[in-house]
Amino acid sequence: MRTFKAIATLILAVMATTNIKAQAYGDEGPTLTPNRLGLVYEGAIEKNERGKVNFQRVNYKVDGIDVVANVYTPAGYTPTGKYAAVVVAHPNGGSKDQVAGLYAQRLAEAGFVAIAFDARFQGESGGQPRRTDKPAYRMGDIYGAVDFIQNYPGVDRERIGALGICGGGGYTFAAAQADKRIKAVATLSLFNTGDVRRNGYMRTQRATIGQRQAEASQARQKEAAGAEPEVAGFANMSPDEARKLPIDLYREGYFYYAVTHKTPNAPGTYLKSSLMDTMAWDATDHADLIDQPLLVMAGEKADSRYMSEEAFAKATGTVDKELFIVPGATHIKTYYVKEYVNAIAAKAYAFFKAKLK
């Protein structure tokens, strides 16, 4: 399995032949540490106070596996109310305590009940072997979050939306194709895990699909024989090496997960054997089944933008859809840069308010 560093070198060579320019490195962001609630984003709630957004750590099961999630309730929340709710799915390699928690909190500030959860096999949720990352499981996590939040005190089960970020965006896009309890669906910086694992980022590894499928199959074979599972994902590199990566998602992603918003719940890695499943899957295979209102959001300068635009174009089953491009933003900077977060939160709030009437 090639490291991000090796893949980035390959992509740089492709750029040189296709007139695609590497983007400026830019600011790496504030370096934070998890607060007393385990949250690691600016403006994170520190404690529950009357008259403000409050926070509850909850546990439930999905297919018999324990899930740990954070529920955010709006100021003045009452269990006898009739609130719209939004399920928020975190990025690949991320956790409920980072950007998913940030947008869940912002939605609660706008009057929604919001839930951010750790995917099974990851973060604080249960499941073995750890770091398994398979589409069926990730979609099932979203279904399970809907199961839980529809029965949360004060939630109107007919007014449930979903917001997915990065890999969680691709999985949310796919989950909405099947789960019609989701009445409105939004994605941010959508990452189509199947397309990238299969074809490579920016479609740079199409020539090695069969080879990489064989390697993933061998990794599973070794696991079945009792070997320690092989991990793929963030390369072991120094910050100086990371700054030289030409791809904004990888360069800025390294700093977000390994430096500025680091948490033990988000190692940024996955099992190599999971590639057997992800390489044979695609978030957009049945995009026409989305008949709910759809909001697709992406950074103007994100080198991952093509995935949001393609998913949006393939969602032909809904006439109520909007593509929102965030001026100046790259993929990772939609996670924490205040001006981008404010614009995205306002857009998401207006969307869910209008569609979850």
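Begin by colouring the strands of this predicted model and looking at the open sheet, in which eight strands follow the order β1-β2-β4-β3-β5-β6-β9-β10 with mixed pairing. The strands at the two edges, each paired on one side only, are β1, residues 54-62, and β10, residues 321-326. As you step across the sheet, the twist from one strand to the next averages 20 degrees.

Next, select helix α3, residues 135-149, which packs on this sheet and touches β1, β2 (65-73), β3, β4 (113-117), β5 and β6. The direction of α3 makes about 120 degrees with that of β1.

Now move to strand β3, residues 83-89, and show it together with β5; the two run parallel and are joined by six bridges. To fix the register in your view, pick Val87, whose bridge partner in β5 is Ala162. Strands of a sheet pair through backbone hydrogen bonds, either parallel or antiparallel, so it is worth displaying the backbone atoms at this stop.

Keep Ala162 selected and look towards β6, residues 182-188, where the bridge partner of Ala162 is Val185. Strands β5 and β6 are also parallel, and six bridges join them. If you colour β6 by accessibility, you will find the strand mostly covered, with six of its seven residues buried.

What connects these two strands into a unit is seen by adding helix α4, residues 167-178, since β5, α4 and β6 together make a right-handed β-α-β unit. Helix α4 lies across β3, β5, β6 and β9, and runs at about 135 degrees to β5.

From β6, continue to β9, residues 294-299, which pairs with β6 in the parallel sense over four bridges. A convenient marker for this pairing is Leu188, which stands opposite Met297 in β9.

For the last stop, return to β5, residues 155-165, and select Asp156, which lies in this strand. Is Asp156 buried or exposed, and which side chain of opposite charge is nearest? Asp156 is buried yet has no salt bridge, and the nearest side chain of opposite charge, that of Arg159, is 4.1 Å away. The reason this pair is not counted is that a salt bridge requires a side-chain nitrogen of Lys or Arg within 4 Å of a carboxyl oxygen of Asp or Glu. Finally, show Lys82 and Tyr83, both of which Asp156 touches when residues up to four places away in sequence are left out of the count.

How values were computed:
Residues numbered from 1 in each chain as written. Predicted model: local features only at pLDDT ≥ 70, side-chain atom pairs only at ≥ 80, totals over all residues. Heavy atoms only, no water. Buried < 20%, exposed > 50% of the residue type's maximum accessible area, 1.4 Å probe, protein only. Lys, Arg positive; Asp, Glu negative; His and termini not counted. Contact = heavy atoms within 4.5 Å. Pairing = 2+ DSSP bridges. Right-handed = clockwise from strand over helix to strand, strands pointing away. Axes fitted to C-alpha atoms, helices over the stretch in contact; angles between N-to-C directions.
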